[in-house]
Amino acid sequence: MKTTIYSLLMTWSTLTFLGCGGGASDQPEVVDVTGTVMQGGTPVVGALVEFIPENGRPSQATTNEQGEFTLNYLDGVDGAIAGTHKVRINPNPIDSSAAGGGEEAPAAAPPEPILFNNPDPVEVQPDGENTFTFDIAEWPKQRG
């Protein structure tokens with residue numbers, strides 16, 4: 001049940017962000033942001049990385065085979081708003097393509113998301129390089 005509610009909230013928030021706003025002139029200026037997610041020196045593959053600014057739309061990305069990511073602000077627009085961001089990393093994001101819509105129910109419910117919230121906010125600079133490395137010692141325990 002928690003997973004279904006979480007999936008619905010994620011779908012609603014994504015649709016809300018995609019459906020709001022006007023043209024490119026309505027968008028705030030964004031800057032390129034890249035980084036790497038590691039756990040004990042090993043790349044974390046397929047993690048969802050979110051940079052959540054104090055004001056405005058969050059940016060997100062999925063890590064590649066090397067644990068690297070490039071933040072995306074909107075479809076086709078890479079980057080993030082300059083300023084202070086909270087960072088949240090989910091190593092086990094829900095695959096929305098398997099969340100329903102088909103004739104058959106999934107064989108098993110997806111696992112409860114595990115979220116790592118970086119304890120310190122990060123500062124995305126308006127000028128210069130914005131490359132961040134997150135080396136996570138241990139993922140938080142699942143709520144149960």
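Are F51 and F69 buried or exposed? Both F51 and F69 are buried. Keep these two residues in mind as we walk through the structure, which is a predicted model.

**The chain as a whole**

Let us start with the overall layout. The chain holds one helix and 13 strands. Reading along the sequence, you meet the pattern α-β-β-β-β-β-β-β-β-β-β-β-β-β. Of the 144 residues in the chain, 31% are buried. Now think about contacts between residues at least 6 apart in sequence: 67% of them join residues at least 24 apart.

**A hairpin to look at**

Next, find strand β4 (residues 48-53) and strand β5. These strands run antiparallel, and four bridges join them. Together β4 and β5 form a hairpin, with five residues between them. In the turn sits G56, which has a positive phi of about 110°. Across the hairpin, F51 stands opposite S59 in β5.

Strand β5 (residues 59-62) has a pleasant pattern to trace by eye, since its side chains alternate. S59 and A61 point to one face and are buried. Q60 and T62 point to the other face and are not buried.

**Rings that meet**

How many aromatic pairs does a search of the whole structure find? The search finds four. Two of these pairs involve F51, and the table sets them out.

| Pair | Centre to centre | Angle between planes | Arrangement |
|---|---|---|---|
| F51 and F69 | 6.2 Å | 55° | tilted |
| F51 and F134 | 6.2 Å | 75° | edge-to-face |

The pair of F51 and F69 links distant parts of the chain: F51 is in strand β4 and F69 is in strand β6 (residues 68-70), 18 residues apart. Why is the pair of F51 and F134 called edge-to-face? Its planes are at 75°, so the pair is edge-to-face, because planes over 60 degrees apart count that way. This pair also links distant parts of the chain, with F134 in strand β13 (residues 131-135), 83 residues from F51 in strand β4.

How buried are these rings? F51 has a relative accessible area of 0%, and F134 has one of 5%. Both values count as buried because the cut-off is under 20%. Ring pairs link F51, F69, F132 and F134 into a cluster.

**The nonpolar core**

Several of these names return in the largest nonpolar core, which has 21 residues. The members that touch the most other members are V37, F51, F69, I89 and F134. The elements giving two or more residues to this core are β4, β10, β12 (122-124) and β13. Leaving aside residues up to four places away in sequence, F134 has a list of contacts that includes V37, F51, F69, V87 and I89.

**Charged side chains**

Side chains of opposite charge can pair when their charged atoms come close. A search of the whole structure finds one salt bridge. In this bridge the side chains of E50 and R88 meet at 3.0 Å, N to O. E50 lies in strand β4 and R88 in strand β10 (residues 83-90), so the pair ties together parts that are 38 residues apart in sequence. E50 is buried, with a relative accessible area of 9%, whereas R88 is partly exposed, with 26%.

Another arginine to look for is R57, which lies over the face of Y73, at 5.5 Å from the ring centre.

Terms used. Residues numbered from 1 in each chain as written. Predicted model: local features only at pLDDT ≥ 70, side-chain atom pairs only at ≥ 80, totals over all residues. Heavy atoms only, no water. Buried < 20%, exposed > 50% of the residue type's maximum accessible area, 1.4 Å probe, protein only. Pairing = 2+ DSSP bridges. Phe/Tyr/Trp six-rings, centres within 6.5 Å; stacked < 30°, edge-to-face > 60°. Lys NZ or Arg CZ within 6 Å of the ring centre and 35° of its normal. Salt bridge = Lys/Arg side-chain N within 4 Å of Asp/Glu carboxyl O. Core = buried A, V, L, I, M, F, W, Y, C linked by side-chain atoms within 4.5 Å. Contact = heavy atoms within 4.5 Å.
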